[in-house]
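Grab a pencil and your favourite viewer. Here are some short exercises, each with a worked solution right below it.

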Amino acid sequence: MKQTEILIVPGWGNSGPGHWQSIIENRLTGTLRVEQAWEDTSLEAWSCNIDRAARALDHPPLVVAHSFGCLATAHALMALGTPIAATLFVAPANPQRFDLPTRLFSKPLRQSGLMIASENDPWLTLEKAETMASDWGIECINIGAAGHINVASGYGAWPYAENIIKLMRAEVDRPQPKYQLPRLGRYRQDSHAV
């Protein structure tokens, strides 16, 4: 059986070659990047691009989103019904920084997911990240003082995220009636490993 494909959804400005998303994209087979107008944060345009990329695949993908890409992915799920098997949301951005009403992001997601957040992320406080995860009906893992979980905060190669993605993909690929997120204890090991 073919593995579920992974869609990488970077945030504003794209993820450069040293970013953990780019490294994972190059390391894991069946991984594609959703292309955006990287300097234009139009929620509608980004969400439509995610939707188009997901619908072009044979099966719903696993999405790995970062920053504004998390907001666009959540919006694609909520507003467009984008076929996504599961999502890893890392360091979501604050909707208010992009003049977006928070109510757009306060509905439960139909798909399973997991959020990874930081205690000192300049783009979204941990408290707001936890509220967002709760609204979406997903678990939020606090990995401590990790900034925006990007290259500037030391997150190039990131084995912890790569292992989570592999576990999530294995869960999606496992024959079962519905995707169920594994116990979080499996994800918490070495959460600060960069």
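**Exercise 1. Cysteines**

Is Cys48 buried, partly exposed or exposed? Then work out how many disulfides the structure holds.

Solution. Keep in mind that this is a predicted model.
- Step 1: Start with the relative accessibility of Cys48, which is 32%. Buried means under 20% and exposed means over 50%, with partly exposed in between, so Cys48 counts as partly exposed.
- Step 2: Do the same for Cys140. Its relative accessible area is 18%, so Cys140 is buried.
- Step 3: Now the bonds. A disulfide is a covalent bond between the sulfur atoms of two cysteines. The structure holds zero of them.

**Exercise 2. The overall layout**

Work out how many helices and strands the protein has, and in what order the elements run.

Solution.
- Step 1: Count the elements: there are six helices and six strands.
- Step 2: Read them off from the N terminus, and you get β-α-β-α-β-α-β-β-α-β-α-α.
- Step 3: For a feel of the interior, note that the protein has 194 residues and that 54% of them are buried.

**Exercise 3. Two tryptophans across the chain**

Classify the ring pair Trp20 and Trp158, and say which parts of the chain the pair links.

Solution.
- Step 1: The structure holds eight aromatic pairs. In this one, the ring centres of Trp20 and Trp158 are 5.2 Å apart and the planes meet at 75 degrees. Planes over 60 degrees apart count as edge-to-face, so that is the label for this pair.
- Step 2: Place the partners. Trp20 is in helix 1 (residues 20-27), while Trp158 is in the loop between strand 6 (139-142) and helix 5 (159-173). That makes them 138 residues apart, and the pair links distant parts of the chain.
- Step 3: Check burial. Trp20 has a relative accessible area of 0%, so Trp20 is buried. Trp158 comes in at 2%, so Trp158 is buried too.
- Step 4: Look for another contact of this kind. The C-alpha atoms of Trp158 and Ile23 are 8.4 Å apart, with their positions 135 residues apart along the chain.

**Exercise 4. An aromatic cluster**

Which residues form one aromatic cluster? Begin with the pair Trp46 and Phe68.

Solution.
- Step 1: The rings of Trp46 and Phe68 sit 4.8 Å apart, centre to centre, with 85 degrees between the planes: edge-to-face.
- Step 2: Trp46 lies in helix 2 (residues 43-55) and Phe68 in helix 3 (residues 68-80), so the pair ties together parts that are 22 residues apart in sequence. Both residues are buried.
- Step 3: Widen the view. Trp38, Trp46, Phe68, Phe98 and Trp123 form one cluster.
- Step 4: Look at the ring of Trp123. The charged end of Arg97 sits over that ring, 3.8 Å from its centre.

**Exercise 5. Backbone oddities**

Find out what is unusual about phi at Asn14 and Ser67.

Solution.
- Step 1: Most residues other than glycine have a negative phi.
- Step 2: Asn14 isn't a glycine, yet its phi is positive, about 75 degrees. Asn14 sits in the loop between strand 1 (6-9) and helix 1, and its 27% relative accessibility makes it partly exposed.
- Step 3: Ser67 also has a positive phi without being a glycine, here about 55 degrees. Ser67 belongs to strand 3 (residues 62-67) and is buried, with a relative accessible area of 6%.

**Exercise 6. The second largest pocket**

Describe the second largest pocket by its volume and its lining.

Solution.
- Step 1: The space in this pocket comes to about 210 Å³.
- Step 2: Its lining has 13 residues, and Trp12, Asn14, His66, His148 and Asn150 lie nearest the centre.
- Step 3: Sort the lining by class: four residues are nonpolar, nine are polar and none is charged.

**Exercise 7. Far in sequence, how far in space?**

How far apart in space are Gly11 and Pro92, C-alpha to C-alpha? Repeat for Asp51 and Pro83.

Solution.
- Step 1: Gly11 and Pro92 are 81 residues apart in sequence and 8.8 Å apart in space. Gly11 is in the loop between strand 1 and helix 1, and at 4% relative accessibility it counts as buried.
- Step 2: For Asp51 and Pro83, the C-alpha separation is 7.5 Å, with the two 32 residues apart along the chain. Asp51 lies in helix 2, and 13% relative accessibility puts Asp51 among the buried residues.

Conventions:
Residues numbered from 1 in each chain as written. Predicted model: local features only at pLDDT ≥ 70, side-chain atom pairs only at ≥ 80, totals over all residues. Heavy atoms only, no water. Phe/Tyr/Trp six-rings, centres within 6.5 Å; stacked < 30°, edge-to-face > 60°. Helix = DSSP H or I, 4+ residues; strand = E, 2+ residues; numbered from the N terminus. Buried < 20%, exposed > 50% of the residue type's maximum accessible area, 1.4 Å probe, protein only. Lys NZ or Arg CZ within 6 Å of the ring centre and 35° of its normal. 1 Å grid on protein atoms, 1.4 Å probe; cavity = no way out; pocket = protein on both sides within 12 Å on 5 of 7 lines; lining within 4 Å. Points joined across faces, edges and corners; volume = space filled by probe spheres on them. Nonpolar A, V, L, I, M, F, W, Y, C, P; charged D, E, K, R; others polar. Disulfide = S-S within 2.5 Å.
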